[in-house]
Amino acid sequence: LPLHTRPLRRVDFQPLIDKVANRLPAWKGNFINRAGRLKLVNSVLSSIPVYFLTVFDIKKWALKKIDKIRRGFLWKGFSEAKGGQCLVAWEKVKRPKLRGGLGVLDLEKFSRALRLRWLWFMWVDPDRPWVGSAVPCSEVDRQLFRCSTVVTIGDGRKAQFWNSSWIRGHAPRDLAPNLYKLAWRKGLTVREEIENGTWTRGLWRMSTAAEIAEFILLWEAVTGVQFSEATDEISWKWTANGRYSSKSAYEIQFVGSYSSFNSQAIWKAKAEGKHRFFSWLLVQGKIQTADNLLAKGVECNPVCVLCDQENETAAHLCLHCCFAQEVWWLVHTWSGGLINTPVQGVEVEDWWNYSLQAASAETRGKVAAILIYTVWNIWNERNRRIFQGISQSPTRVLGLLKEEMEVRRQACEGRESI
């Protein structure tokens, strides 16, 4: 770690960026499918900066450099990828899988979650030698910490009056932000402020109705405080045992983001990684069909090669094309009615959600796997016709589908974790 009394410069962050970039040449990423590259991004490239992020508030320019390397390797297998080569926005890729992303670590949010550890140990372990010195936490970090903790007042000698969340899980500075600006000596404890009546110092400058309303709210909270012999206690809101964890601090920062499709079924389906990655792209309409290629300025035949009748889109190719409909009918018959033929006109995302909603909890995993393998083999048939000039019948496509599922079943038999 580049420890120094002065603020870190760009040259101090560069070795970390170089360390991430130097991993790529030995991997030959262009020979690895996207699912494999996703594993390497999550397990290696995202873990290299973790120790650094625990200690330092890393600059945004450095995060962008690391993200550029991770994004380029994920989509192209190299350290850089152009905009059109990135099929899904990076901000969405960094969401957790249950919120529609790929689970790639958001280094900015994870760095913040790690730095909250400093504030937590200042409370629960004040004998650490660094307690009392400045910690690498920004104002946003401290605000997240206040929102994530509940302080229970005992003797009032530990909790700070303005900065601790002792009023029903809220800090006075957040409940009364206008009064906080007027207050003096904002680092005193609850007991010092209340016993000496010093918390009202500086508030005589109140001049607006909003400030008076905040004062009344704060006054009611202060008059209800009763001290005891016990010490002040702190608990973490987002875990069952009330203790801080970096995982919960990271996940709470994604509150508000959501997935419009059933992403959990994709990642829990009994299919290979490349199949699940493809399905994640398909449900969002991001596979490289003719309509998407033309939108990026790539010249190609806009007509579907399977039916040679309509323009190629993700929904038409995998669901509504007459060839795809034949495949789906064969799958419907083979599965004993477990899989239904897609309704004409439905979009891919709606089809995915409706198909899983119609399945029972016991069969949902099997249904998801069959859906994934079916669209994958329809996509492969399309690519065979374009790049190899080879055409297969719907019956043969079903046979390839069943062969793939059987190979995976034999490979993973007795290994429930796969």
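A salt bridge here is a side-chain nitrogen of Lys or Arg within 4 Å of a carboxyl oxygen of Asp or Glu. The structure is a predicted model. By that rule, a search of the whole structure finds 19 salt bridges.

**Exercise 1. Decide what the salt bridge between D141 and R112 joins, and whether each partner is buried or exposed.**

Step 1. Check the distance. The N to O separation for D141 and R112 is 2.9 Å. The cut-off is 4 Å, so the pair qualifies.

Step 2. Place the partners. D141 sits in helix α8 (residues 139-148) and R112 in helix α7, so the bridge ties together parts 29 residues apart in sequence.

Step 3. Classify the burial. Buried means under 20% relative accessible area. D141 has 0%, so D141 is buried. R112 has 14% and therefore counts as buried.

**Exercise 2. Work out how the partners E139 and R146 stand in terms of accessibility.**

Step 1. Confirm the bridge. The side chains of E139 and R146 meet at 3.6 Å, N to O.

Step 2. Apply the classes. Partly exposed lies between the buried limit of 20% and the exposed limit of 50%. E139, at 39%, therefore counts as partly exposed. R146, at 6%, counts as buried.

**Exercise 3. Locate the two ends of the salt bridge between R382 and E312.**

Step 1. Take the distance. The closest N and O atoms of R382 and E312 are 3.0 Å apart.

Step 2. Find the elements. R382 is in helix α20, while E312 is in the loop between α16 (290-295) and α17 (314-320). The two are 70 residues apart, and the pair links distant parts of the chain.

Step 3. Check the cover. R382 has a relative accessibility of 5%, so R382 is buried. E312 is also buried, with 3%.

Step 4. Look for bridges with shared partners. Salt bridges of this kind join D67, R70, E91, K94, D106 and K109 into one network.

**Exercise 4. Describe the largest nonpolar core and the surroundings of W352.**

Step 1. Recall the background. In soluble globular proteins, nonpolar side chains tend to be buried together.

Step 2. Size the core. The largest nonpolar core has 121 residues, and W75 and W352 have the most contacts inside it. Helix α20 (residues 364-388) gives the largest share of this core, ten residues.

Step 3. List the contacts of W352. Leave aside neighbours within four places in sequence. W352 then touches F261, N262, A265, I266, V283, A368, L371 and I372.

**Exercise 5. Place W379 and find its contacts.**

Step 1. Find the element. W379 lies in helix α20.

Step 2. Classify. Its relative accessibility is 10%, so W379 counts as buried.

Step 3. List the contacts. Beyond neighbours within four places in sequence, W379 meets F278, I287, Q288, T289 and L317.

Step 4. Add a backbone distance. The C-alpha atoms of W379 and A324 are separated by 9.7 Å, with their positions 55 residues apart along the chain.

**Exercise 6. Characterise the aromatic pair of F110 and Y250.**

Step 1. Count the pairs. The structure holds 24 aromatic pairs.

Step 2. Read the geometry. For F110 and Y250, the centres are 5.7 Å apart and the planes 85° apart. An angle over 60 degrees counts as edge-to-face, so that is the class of this pair.

Step 3. Place the rings. F110 is in helix α7 (residues 107-124) and Y250 in helix α13 (residues 246-251), so the pair ties together parts 140 residues apart in sequence. Both F110 and Y250 are buried.

Step 4. Turn to a cluster. F161, W162, W166, Y180, W199, F215 and W219 form one aromatic cluster.

**Exercise 7. Describe R185 and D308 by phi, place and exposure.**

Step 1. Take R185. R185 is not a glycine, yet its phi is positive, about 45°. R185 is in the loop between α10 (177-182) and α11 (190-196). Its relative accessibility is 60%, so R185 counts as exposed.

Step 2. Take D308. D308 has a positive phi of about 55° and is not a glycine either. D308 is in the loop between α16 and α17. At 60% relative accessibility, D308 counts as exposed.

**Exercise 8. Identify the residues of the nonpolar surface patch that includes L1.**

Step 1. Name the members. L1, L3 and Y51 make a patch of about 380 Å².

Step 2. Place L1. L1 is in the segment before α1 (10-21). With a relative accessible area of 47%, L1 is partly exposed.

Technical notes:
Residues numbered from 1 in each chain as written. Predicted model: local features only at pLDDT ≥ 70, side-chain atom pairs only at ≥ 80, totals over all residues. Heavy atoms only, no water. Patch = residues over 30% accessible without salt bridge, like charges linked within 9 Å, V, L, I, M, F, W, Y side chains within 5 Å. Areas by Shrake-Rupley, 256 points an atom, 1.4 Å probe, with all protein chains shown as cover. Helix = DSSP H or I, 4+ residues; strand = E, 2+ residues; numbered from the N terminus. Buried < 20%, exposed > 50% of the residue type's maximum accessible area, 1.4 Å probe, protein only. Core = buried A, V, L, I, M, F, W, Y, C linked by side-chain atoms within 4.5 Å. Contact = heavy atoms within 4.5 Å. Phe/Tyr/Trp six-rings, centres within 6.5 Å; stacked < 30°, edge-to-face > 60°.
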